[in-house]
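Below is a colleague's note, set out in numbered points. Please read it beside the sequence and the model.

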Amino acid sequence: MSNSVRVVNIRDCAIGGAELMVMAGPCSIESREQIFHCAEVVAASGGRFLRGGAFKVRTSPTAFQGLGWDGWKLLREAADAHGLLTVSEILGEEQIEPARRYVDFAQIGSRNMQNVPLLRALGRSRMPVLLKRGFGCTIDEWLHAAEYVTGEGNEHVVLCERGIRTFETATRFTLDVAAVAIAKARLGLPVVVDPSHAAGQREWVECLTLSGVACGADGLLIETHPDPARALSDGPQAVVLKELPALVEKARRVAQALGRTVAAGARQPVAAA
Ligand code: PEP
Ligand code: MN
């Protein structure tokens, strides 16, 4: 597959080049122990980004809403200790500036994809943006949402296919694998695949990961947890942390078959301040 996408550079990571970026971690940051354990295994697997939600958009207001600022502080510490960058969801305009200390890559959640004031504000901020596809949105609507960010002069936009709602209930959402190739071709932006929210159950995360790579994904956003049965959000879809290295290895083999690579091994940790 041709790879004529704009490369988005986030510090020393290039998204959209020959190397696929693995971004993994828990749905929600829950404790120091949990996020540090995840960071260690993500880095050892070749991951470049530690994911973790601190401000969660949950379907129910009584579900765990995240640790907030304390969560972001833990995310930063764990990522720095293991040489990783951070990706985390930003919910509102007022969070953008203070988030810069903690978040390297600002995730816009599926439920916020058409929050135009937020998109414009991120555009003005020049922060790298990971724009998830709204689960009820067409590819065109998704691409227009990206244009709200790029239209403000922010070229650092990466798209994320995370599954759309269909009549199928065997999976949580339906991963639209064709959208990966179509979005790349139409807008020339890198596309990351999130197999976790599409699958809804860990059993199907591996095949969706591999099909995402086969369709040209420039990165993978994977939820993992040391003890999914005790996870405070999205436990059923979390890959068991100790199984992450084997999953990344399989993704690497598919990528290699297509002339691409997935990083192996850890980077240098950032020295504590
Ligand atoms: C998440 O990444 O944990 C998340 C809430 O994703 P989405 O916005 O795709 O549902
Ligand atoms: Mn989640």
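1. The largest pocket is lined by 16 residues, and K56, V57, R111, H197 and D234 are the ones nearest its centre. Its volume is about 240 Å³. The lining is made up of nine charged, five polar and two nonpolar residues. A pocket here is an open set of points on a 1 Å grid over the protein atoms alone, with protein on both sides within 12 Å along at least five of seven lines; a cavity is a set where a 1.4 Å probe fits but cannot get out, and lining residues have an atom within 4 Å of a point. Grid points are joined across faces, edges and corners, and a volume is the space filled by probe spheres set on the points. Ala, Val, Leu, Ile, Met, Phe, Trp, Tyr, Cys and Pro count as nonpolar, Asp, Glu, Lys and Arg as charged, and the others, Gly among them, as polar.

2. On the origin of the values: this is a predicted model, in which local features need pLDDT of at least 70 and side-chain atom pairs count only at pLDDT 80 or more, while totals for chains, interfaces and linings use all residues. Residues are numbered from 1 along each chain as its sequence is written, chains are lettered from A and ligands numbered from 1 in the order in which they are written, and side-chain values use heavy atoms, with hydrogens and water left out.

3. Which residues hold the manganese ion (ligand 2)? Its protein donors are C27 (SG), H197 (NE2), E223 (OE) and D234 (OD), at 2.1 to 2.4 Å. Donors are N, O and S atoms within 2.8 Å of the metal (3.2 Å for Na, K and Ca); water is not among the atoms, so sites may look incomplete. The spacing of the donor residues in sequence is C-x169-H-x25-E-x10-D. H197 belongs to helix α7 (residues 195-199) and E223 to strand β10 (residues 219-225), so this pair ties together parts 26 residues apart in sequence. Helices (H or I, at least four residues) and strands (E, at least two) are DSSP runs, numbered from the N terminus. H197 and E223 are both buried; buried means under 20% relative accessible area, exposed over 50%, and partly exposed in between (1.4 Å probe, protein chains only).

4. The donor D234 sits in the loop between β10 and β11 (239-240). D234 is buried too, at 15% relative accessibility. Its phi is near 55°, a positive value in a residue other than glycine. Most residues other than glycine have a negative phi. R11 also has a positive phi, of about 50°, and lies in the loop between β1 (8-10) and β2 (13-15). R11 is exposed, with a relative accessible area of 57%.

5. The second largest pocket holds about 160 Å³ of space. Its lining consists of R202, E203, V205, E206, V239, E243, A246, L247 and K250. Helices α8 (205-214) and α9 (244-257) each supply at least two of these residues, and α9 has the largest share, with three. By class, five are charged, four nonpolar and none polar.

6. There is one cavity of 30 Å³ or more, and the volume of the largest is about 30 Å³. R51, G52, G53, F55, K56, V87, S88, E89 and Q107 line it. Strand β5 (residues 85-89) gives the most to this lining, three residues.

7. The largest nonpolar core has 66 residues, and L50, W72, L122, L131, W142 and L159 have the most contacts inside it. Such a core is a set of buried Ala, Val, Leu, Ile, Met, Phe, Trp, Tyr and Cys residues joined through side-chain atoms within 4.5 Å. Apart from the largest core lies another, of 15 residues, including I10, I15, M21 and M23.

8. In helix α4 (residues 116-125), the buried residues are L118, L119, A121, L122, G123 and S125. They pack against α3 (96-99), β6 (105-108), β7 (129-132) and α5 (139-150). R126, just after α4, takes a positive phi of about 70°.

9. I139 is in helix α5 and is buried, at 13% relative accessible area. Neighbours within four places in sequence aside, I139 is in contact (heavy atoms within 4.5 Å) with R133, D176, A179, I182 and R186. I139 and D176 are 37 residues apart in sequence and 9.7 Å apart in space, C-alpha to C-alpha.
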